[in-house]
Amino acid sequence: MNLVHYSFNTNSSYLDFEFESEGSKGKIKKVVRFSPQNANGITYLNLGFVDINPETGNIDCIFR
């Protein structure tokens, strides 16, 4: 299979994956973040998908 895909970078723990999405609003930096959680002795992963604010470099959870 030869599918179109985004190039991405990851951190040393392989829990954050950063890439740039390109669309009608231009390029937007995105992050997919896996956050380990623990409840009642069971560890699971929470999945987050957010934009990175180009001016501050911080996570931007405001939906556009």
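Colleague: Which side chain meets Asp16 in a salt bridge?
Modeller: This is a predicted model. In it, the side chain of Asp16 takes part in a salt bridge at 2.9 Å, N to O. The pair links distant parts of the chain, 17 residues apart, with Asp16 in strand 2 and its partner in strand 3. That partner is Arg33.

Colleague: Is Asp16 buried or exposed?
Modeller: Buried means under 20% relative accessible area. Asp16 has a relative accessible area of 16%. Therefore Asp16 counts as buried.

Colleague: And Arg33: what is its relative accessible area?
Modeller: Arg33 falls in another class from buried Asp16. Arg33 is partly exposed. Its relative accessible area is 33%.

Colleague: Leaving aside neighbours within four places in sequence, which residues is Asp16 in contact with?
Modeller: Asp16 lies in strand 2, residues 16-23. Its side chain has a polar contact of 2.9 Å with that of Arg33, so Arg33 belongs on the contact list, where contact means heavy atoms within 4.5 Å. The full list is Asn9, Thr10, Asn11, Val32 and Arg33.

Colleague: How many bridges join strand 2 to strand 3?
Modeller: Strand 3 covers residues 26-39 and runs antiparallel to strand 2. Across this pairing, Glu20 stands opposite Lys29. The bridges joining the two strands number eight.

Colleague: Which strands stand at the edges of the sheet?
Modeller: The sheet is open, has five strands and follows the order 1-2-3-4-5, with antiparallel pairing. An edge strand here has a single partner, so one side of it is left without a neighbour in the sheet. The edge strands are strand 1 (9-10) and strand 5 (59-60).

Colleague: Which residue forms a salt bridge with Lys29?
Modeller: The side chains meet at 3.4 Å, N to O. Lys29 lies in strand 3 and its partner in strand 2, so the pair ties together parts that are 11 residues apart in sequence. Lys29 is partly exposed at 37% relative accessibility, and the partner is partly exposed at 30%. The partner is Glu18.

Colleague: Which residue meets Asp51 in a salt bridge?
Modeller: The structure holds three salt bridges. In this one, the side chains meet at 2.6 Å, N to O. Asp51 lies in strand 4 (residues 42-52) and its partner in strand 3, so the pair ties together parts that are 21 residues apart in sequence. Both residues are buried, and the partner is Lys30.

Technical notes: Residues are numbered from 1 along each chain as its sequence is written. This is a predicted model: local features need pLDDT of at least 70, side-chain atom pairs count only at pLDDT 80 or more; totals for chains, interfaces and linings use all residues. Side-chain values use heavy atoms; hydrogens and water are left out. Helices (H or I, at least four residues) and strands (E, at least two) are DSSP runs, numbered from the N terminus. Buried means under 20% relative accessible area, exposed over 50%, partly exposed in between (1.4 Å probe, protein chains only). A polar contact is a pair of N or O atoms within 3.5 Å; within protein, one must be able to donate a hydrogen and the other to accept it, and residues adjacent in sequence count only if both atoms are side-chain atoms. Two strands pair if DSSP finds at least two bridges between them. A salt bridge is a side-chain nitrogen of Lys or Arg within 4 Å of a carboxyl oxygen of Asp or Glu.
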